[in-house]
Amino acid sequence: MSKRRAFLQSAAGLPALTSLAAAQNPAQPRAPRDYFRELGLRPFINAAGTYTTLTASLMPPEVMDAIHYASSRFVHLNQLQDAAGARIASLLGAEAAMVTSGAAGAMTVGTAGVITGTDQDKIRRLPDLTGMKSEVLIQKAHRFGYDHAVRATGVRLVEVETEDDLRRAAGPQTAMMLFFNDAQSRGKIDAPGWVRLGRQLAIPTFNDAAADTPPVSRLTEYNSLGFDLVCFSGGKALRGPQSAGILMGRKPLIAAARLNTSPYSDTIARGMKVNKEEILGMLVALERFLQLDHAAERQAWDFQIETITRAVRDIPSVSWTIDVPPIANNTPHLKLRWDPSQLKLTPPEVRRKLLEGEPSIEVTPSTNESELVLTVWMLQPGEAEIIARRLAEILRPG
């Protein structure tokens with residue numbers, strides 16, 4: 001036997017070559033890999049919501065089809081952004097739009113575009129704002145963790161509370177007015193008032209509405225109201241790629257935002273790139289979301305909540321309320337309460353038991369240790385029944 005033949009025969013048993021042979025023979029079925037198990041990870045039932053740390057939402061088959069389609073073809077990235085952005089803008093009644101690296105990425109590139117316009121020298125120099133406008137006005141009650149995405153451009157946030165404060169603070173260095181949509185009830189200037197003041201002072205207005213759909217009408221509401229820029233997260237209710245988002249608004253501002261990010265290399269947001277798969281997946285996710293029967297979806301959520309509460313309603317001292325946040329995450333939140341002295345368990349202990357059990361169940365983080373909070377909008381078919389059974393097992397005495 002030749003050395004070559006002996007080598008091939010011995011190598012045929014190696015896993016890598018076996019896998020390669022299977023991949024080259026499409027007729028041979030390939031067992032699906034449990035990737036998370038291989039990595040020592042436990043997936044969970046998501047009764048918490050679209051938190052980034054919990055990997056937000058699951059992409060539906062239509063979105064995955066678009067991602068797989070794009071993954072096997074080359075295309076000019078700018079041409080794809082042009083076409084997808086035009087389609088998104090037409091669907092949402094905006095002048096222009098683009099797919100961004102999440103809502104946070106949208107805030108950075110949108111702010112950068114406002115500051116630099118299409119001036120290549122300014123684009124290259126960010127976050128060095130020498131000779132550029134360097135301040136962004138924001139209501140004190142609207143300060144939030146994600147405003148770091150705006151500050152990343154080098155600007156300073158100037159806090160105001162009243163209309164008079166804002167007029168006094170506005171000046172030659174004011175580049176933009178930032179509005180945090182979920183904080184509408186906390187600030188003294190509402191969304192229409194913010195737009196009105198921006199127009200009077202000739203200052204662009206930006207509305208961060210990242211988590212503020214459903215309802216579906218929110219996707220067009222803020223454009224109609226007159227905000228110059230609006231952003232939404234792509235990986236929450238829209239169920240697109242979690243790493244994608246939508247920035248829409250006035251055409252010159254979107255054009256400038258595009259120049260401040262990938263594929264252009266010498267830009268502040270070069271690392272905030274979105275690939276062809278994310279762009280196409282985001283577009284298809286939006287198209288799907290706009291076509292959904294949202295009333296039927298709400299009914300399904302109500303049924304899932306009823307399934308869970310029915311399982312615990314006869315357990316001593318257990319009570320519940322259903323809360324629907326008015327703006328962000330506008331879906332039913334089930335809040336369960338009970339007397340720990342009767343059930344010998346506190347809500348944090350129940351949360352731990354749900355997480356450590358089989359299957360693992362995540363519930364909504366809460367600073368109120370007297371209640372257990374769940375949402376149902378990320379549940380898959382049959383999971384409400386699993387949660388109901390597990391809660392009854394844990395809470396029922398004996």
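Which residue of β8 stands opposite Leu229? The partner is Gly249. This report works outward from that pair, through the two sheets and the helices that pack on them. The model is predicted.

## Overall make-up

The chain has 398 residues, and 49% of them count as buried. It holds 17 helices and twelve strands. Its C-alpha trace spans about 80 × 75 × 35 Å along the principal axes.

Contacts reach far along the sequence. Take those between residues at least 6 apart: 69% of them join residues at least 24 apart.

## The seven-stranded sheet

One open sheet has seven strands, in the order β2-β8-β7-β6-β5-β3-β4. The pairing is mixed. β2 and β4 are the edge strands, and each pairs on one side only. β4 covers residues 156-160. From one strand to the next, the twist averages 25°.

Leu229 and Gly249 belong to the β7-β8 pairing. Strand β7 covers residues 229-233 and is joined to β8 by five bridges. The two strands run antiparallel.

Two helices that meet this sheet are α5 and α6. α5 packs on it by touching β2 and β8. The direction of α5 makes about 120° with that of β2. α6 lies across β2, β5, β6, β7 and β8. It runs at about 160° to β7.

## Helix α5

Helix α5 covers residues 77-92, 16 residues in total. From first C-alpha to last it reaches 22 Å, close to the 22 Å expected at 1.5 Å a residue.

Which residues of α5 are buried? They are Leu80, Gln81, Ala84, Gly85, Ile88, Ala89 and Leu92. These residues cover an arc of only 155° around the axis, so they sit on the same side of α5. The general rule behind such a pattern is simple: an α-helix has 3.6 residues a turn, so residues three or four places apart point the same way. Gln79 and Ser90 are exposed on the other side of α5.

The buried residues of α5 pack against several elements. Two are strands, β2 (96-100) and β8 (245-249). Three are helices: α11 (218-225), α12 (251-259) and α13 (276-291). After α5 comes Gly93, with a positive phi near 70°.

## Helix α6 against α12

The axes of α6 and α12 come within 7 Å and cross at roughly 110°. That angle makes α6 roughly perpendicular to α12. On the α6 side, the residues in this meeting are Val109, Gly110, Gly113 and Val114. On the α12 side they are Leu253, Ala256 and Ala257.

Gly113 deserves a separate look. It lies in α6, which covers residues 102-116. Is Gly113 buried or exposed? It counts as buried because its relative accessibility is 1%. Leaving out residues up to four places away in sequence, Gly113 touches Ala256, Ala257 and Asn260. Pro215 is 102 residues from Gly113 along the chain, and 29 Å separates their C-alpha atoms.

## The three-stranded sheet

Another open sheet has three strands, in the order β9-β10-β12. Its pairing is antiparallel. Which strands stand at the edges? They are β9 (319-323) and β12 (372-375). Each has a single partner strand, so one side of each is left without a neighbour in the sheet. Neighbouring strands here are turned by 25° against each other on average, direction ignored.

Strand β10 covers residues 333-337 and pairs with β12 over four bridges, in the antiparallel sense. Lys335 stands opposite Val373 in β12. Helix α14 (residues 294-312) packs on this sheet, touching β9 and β10. The direction of α14 makes about 10° with that of β10.

How do the residues of β12 divide? Leu372 and Leu374 point one way from the strand. Val373 and Thr375 point the other way. All four are buried.

Key. Residues numbered from 1 in each chain as written. Predicted model: local features only at pLDDT ≥ 70, side-chain atom pairs only at ≥ 80, totals over all residues. Heavy atoms only, no water. Buried < 20%, exposed > 50% of the residue type's maximum accessible area, 1.4 Å probe, protein only. Contact = heavy atoms within 4.5 Å. Expected span 1.5 Å × (residues − 1). Arc of directions from axis to C-beta. Pairing = 2+ DSSP bridges. Axes fitted to C-alpha atoms, helices over the stretch in contact; angles between N-to-C directions. Parallel < 35°, antiparallel > 145°, perpendicular 65-115°, else oblique.
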